[in-house]
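Open your viewer and keep the selection panel at hand. We will go from strands to sheets, then to charged pairs and chain contacts.

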Amino acid sequence: MRLSDIAQFLGGELEGEGDLEIKGVNTLEESQPGDITFLANPKYKAKLHTTRASAAIVNREVLTDRLALVRVDNPYLAFARIIPLFSKIEPPPPGIHPSFITGEEVQIGQNCSILPYVVVGNRVKIGDRTVLYSGVYIGNDVTIGNDVVIYPHVTIMHGVQIGNRVIIHSGAVIGSDGFGFVPQAETYQKIPQVGTVLIEDDVEIGANVTIDRATLGKTHIQRGVKIDNLVQIAHNVVIGENSIIVAQVGISGSTQVGRNVTLAGQVGLVGHIKIGDYVKIGAQSGVTKSIPSHAVVSGSPAVDHLLWKKSQVSLLKLPELIQRVRDLERRVEELERGKS
Amino acid sequence: MRLSDIAQFLGGELEGEGDLEIKGVNTLEESQPGDITFLANPKYKAKLHTTRASAAIVNREVLTDRLALVRVDNPYLAFARIIPLFSKIEPPPPGIHPSFITGEEVQIGQNCSILPYVVVGNRVKIGDRTVLYSGVYIGNDVTIGNDVVIYPHVTIMHGVQIGNRVIIHSGAVIGSDGFGFVPQAETYQKIPQVGTVLIEDDVEIGANVTIDRATLGKTHIQRGVKIDNLVQIAHNVVIGENSIIVAQVGISGSTQVGRNVTLAGQVGLVGHIKIGDYVKIGAQSGVTKSIPSHAVVSGSPAVDHLLWKKSQVSLLKLPELIQRVRDLERRVEELERGKS
Amino acid sequence: MRLSDIAQFLGGELEGEGDLEIKGVNTLEESQPGDITFLANPKYKAKLHTTRASAAIVNREVLTDRLALVRVDNPYLAFARIIPLFSKIEPPPPGIHPSFITGEEVQIGQNCSILPYVVVGNRVKIGDRTVLYSGVYIGNDVTIGNDVVIYPHVTIMHGVQIGNRVIIHSGAVIGSDGFGFVPQAETYQKIPQVGTVLIEDDVEIGANVTIDRATLGKTHIQRGVKIDNLVQIAHNVVIGENSIIVAQVGISGSTQVGRNVTLAGQVGLVGHIKIGDYVKIGAQSGVTKSIPSHAVVSGSPAVDHLLWKKSQVSLLKLPELIQRVRDLERRVEELERGKS
């Protein structure tokens, strides 16, 4: 592929030799001659002077004549867009493998790929161009939209609804029972979980994630939410549009998370609280109370991020502080004795 | 279903029109006309005045004539009991799917459901009315009791023993190798894990949970234990009767947990310790020592819950405290100077 | 098996009756007459006087004539070596089950076991004596070495490379997409993940672990690494030789972990940092910065382990310290008043 083709594909402005043959895309550090790279974060601009890449995607301001440039408004986005040009990932085979086991009144759209050993229940509806990898299990009355990709060994239990362009990675479990019990003397009586899960368009769900069905009503993952691996989402949780849930986060029952929220890795939220919109919660935080929109919190229990940071720094000085207070007590005692 | 039928089913006392047609069950907030709701926690009793439900299950004390009532001793339990009356979950198809692959000397009880693509090893025994969903794998010499439900893609490795009325959600792995190695110069030699896992009656195990087999002897989950999603239970752990293990908890090797213990979400327990009976451990706590029965602990490392709470509140005042000590030092120095 | 056979197998020195019939191996506490036990940690040597075992594997120094002894240099290693002598684990059936579904140009080595319902893609290479348990999915262009064991329901996505003697437990997902998105107004654009995962010889990977493929290049698990259950390893992470990753650890994108590192349970590492060789990180720690080789750290954010321990002890004294400072302020004020 010639550099001029890439510039055209990106709608970018070419600076340098358009006939340059580009063989791959890589980071500033790992590019080889023949590769195109990108500068997304201006703080790394010095690396443009050391990269071995033959060309770079940059913004409108960067100055260099060491290598050919393609200028665009958002180099990081342009990078994401050209990656598929250089990768040779084989699409899954089209059609339905003969090992497919299907229930009654199942509707399957056009141009789907269904790989071996997939099982679907009764009254399932699947849209167009959707891919079900090997060993996917889909229960009764599930609906799945168009252009969905469901990787191997995913379990989707009865009644779950999934929108368009959703991606679900291997081993994820959608619609398992919520964790609800009535204490009875010293034992626990299970509360039947008869609600469902609704997953809207453009959601991505990581490997081995678990999303429980609601007790009644629905667990609701709204449009554009991105969920990393090994996340736990309990019954009746709501996640607002475009929120980002990093790996190993746990969200307890009936908690509502707003839109464009970021939960960093290993965060835990207790049940029945409300996280506002645009909130950011630091890694490993434990959130025990509702949080207003736009707040940035950290710690366990979580408080304002800056307050938490200051406390943590202070904490390291605490052993010395105790010594200083002991000193003061001795000195004050001496002063008091001197006075009397 | 008429309200009088529900009252009779629950053995409750009817107040209001028995002929009332009830179409569903829901929470105080989400009920619609035609629904029955419930008041389990007296602190929400004001919601009886705003709910749109046509009837409510309440205890013997509540006073209202806004809607029809069914009085019972335990409204929360009654709620759990009536949910199935209104849900239309289709039971799994009875019988054994022809894709079933079975080893030698396998015994399967009466009225089991075995869905597609289940594989069982040699000398496996399965009780009556047990359900194995699609893709379940069961190793050699496993025994499973009556009325057990095992959801899709569960792995049960060789030799594991499972009691009656056990529920295992999708993707759980029971009987994987314990994590044991002998350090040898700079490498590690695997310790063969030849013990097993024993799961007693009425246990529920969440989605994508992992329970390792013992090195020797057994990992032991006692009667009535409830385990939420993504929990890790290491080799040789014992969990006492009716304990509750919330999502993403991790329990290290050979630790013993007593009966009626509650481990909140994301708790971690180190190995070789003993947690007494009726202990409660707060979310995200890290427990490094044995804990006596009836204790309530929090924090990492975990200490008495109230002490921990007080420390956390104090911690936020620490930056200011450091300033106050600095002040005091200046003032005391001045006093000392004045004295001399 | 006679005790003299065991001594010979271990190359150990026999003290006592060589004809003794040994029926099993167990711990000091749980051994029965007829069992052989072992003393690995000298601090438990008193238990040699109470164990019911008939023989013990000990080092060269231990003194007792209560039971027969086999003296070796490393009793713990000897224990690991004799366990298989007494276990009766049935090897998986040899050969390829007829339900095997295979792509084009697939090479399978000699004496492999492929259990039911395994699916492999195109151009897959599998070495000799490798075992694929039921329901394993292997994507296109994967290579797997000799003597590898892959347990049920493991997913290995396209292009992943796996060395020799690797063990992968049930439900693990290798080569799922890295979690990478470009923010675009209020939504997120997926960055295609076209790198791969390289797993070297002698690695063990626990149940339900997730290891994401690199965005570009590779996620790299080096020789001899041992990974416990439910661990998350993000895109482009490198784990150095012989490192130990305990259950539920999460490692964020592009972080490099050195060799012979130990990450205890539930540790979290942020992205783009470098952990030196021989580092030890305490359970539940949150690491936000690079760490030099040989350091021992704990806490969230993690600091020197001893400093952290001291701070945590001090923290519990903080409420009392605040009281003491208040007292001092009162007393100093009084002194100041007296002076004026």
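How many bridges join strand β13 of chain A to strand β16 of chain A, and do the strands run parallel or antiparallel? Select residues 137-138 and 155-156 of chain A: two bridges join these strands, and they run parallel. Strands here are DSSP runs of E of at least two residues, and helices are runs of H or I of at least four residues, both numbered from the N terminus. Two strands count as paired if DSSP finds at least two bridges between them.

Before going further, a word on what you are looking at. This is a predicted model, in which local features need pLDDT of at least 70 and side-chain atom pairs count only at pLDDT 80 or more, while totals for chains, interfaces and linings use all residues. Residues are numbered from 1 along each chain as its sequence is written, chains are lettered from A and ligands numbered from 1 in the order in which they are written, and side-chain values use heavy atoms, with hydrogens and water left out.

**Stop 1: the sheets**

Stay on chain A and pick Ile138(A); its bridge partner in β16(A) is Ile156(A). Now widen the selection to the open sheet that holds these strands, which has ten strands in the order β7-β10-β13-β16-β19-β24-β27-β30-β33-β36, with parallel pairing. Look at its edges, β7 (101-102) and β36 (286-287) of chain A: each has a single partner strand, so one side of each is left without a neighbour in the sheet.

Switch to chain B for an open sheet of nine strands, ordered β8-β11-β14-β17-β22-β25-β28-β31-β34 and again paired in parallel. Its edge strands are β8 (107-108) and β34 (274-275) of chain B, each pairing on one side only. Inside this sheet, select β17 (residues 161-162) and β22 (residues 196-199) of chain B, which run parallel and are joined by two bridges. Gln161(B) stands opposite Leu198(B).

In chain C, follow a path across three strands. Begin at Gln161(C), which stands opposite Leu198(C) in β22(C). From there, Leu198(C) stands opposite His220(C) in β25(C). Strand β25 covers residues 218-221 of chain C, and its parallel pairing with β22(C) runs over four bridges.

**Stop 2: a charged pair inside chain B**

Show Arg123(B) and Asp141(B) as sticks. They form a salt bridge, with the closest N and O atoms 2.7 Å apart; the term means a side-chain nitrogen of Lys or Arg within 4 Å of a carboxyl oxygen of Asp or Glu. Arg123(B) lies in the loop between β10 (119-120) and β11 (125-126) of chain B, and Asp141(B) in the loop between β13 (137-138) and β14 (143-144), so the pair ties together parts that are 18 residues apart in sequence. Over all chains, the structure holds 60 salt bridges.

**Stop 3: where chain C meets chain B**

Keep Arg123(B) on screen and add Glu90(C): their side chains meet in a salt bridge too, at 2.4 Å from N to O. Five salt bridges are found across this interface. Next, color the residues in contact (heavy atoms within 4.5 Å): 62 from chain C and 69 from chain B.

**Stop 4: where chain A meets chain B**

Here 69 residues of chain A and 62 residues of chain B take part. The buried area is about 5200 Å², with 65% from carbon and sulfur atoms; this is the accessible area (1.4 Å probe) that the two parts lose on being put together, summed over both. Zoom in on Arg324(A) and Glu329(B), whose side chains form a salt bridge (2.8 Å, N to O). Elements of chain A that each supply at least two residues to the side touching chain B include β19 (173-176), β20 (181-184) and α3 (305-339). The largest share, 16 residues, comes from α3(A).

**Stop 5: superposing the copies**

Finally, lay chain C on chain B: a turn of 120° and a shift of 0.0 Å along the axis give an RMSD of 0.1 Å. The two copies are thus related as by a three-fold rotation axis. The fit is by least squares on the C-alpha atoms of residues with pLDDT of at least 70 in both copies. Chain A can likewise be laid on chain B by a turn of 120° and a shift of 0.0 Å along the axis, with an RMSD of 0.1 Å.
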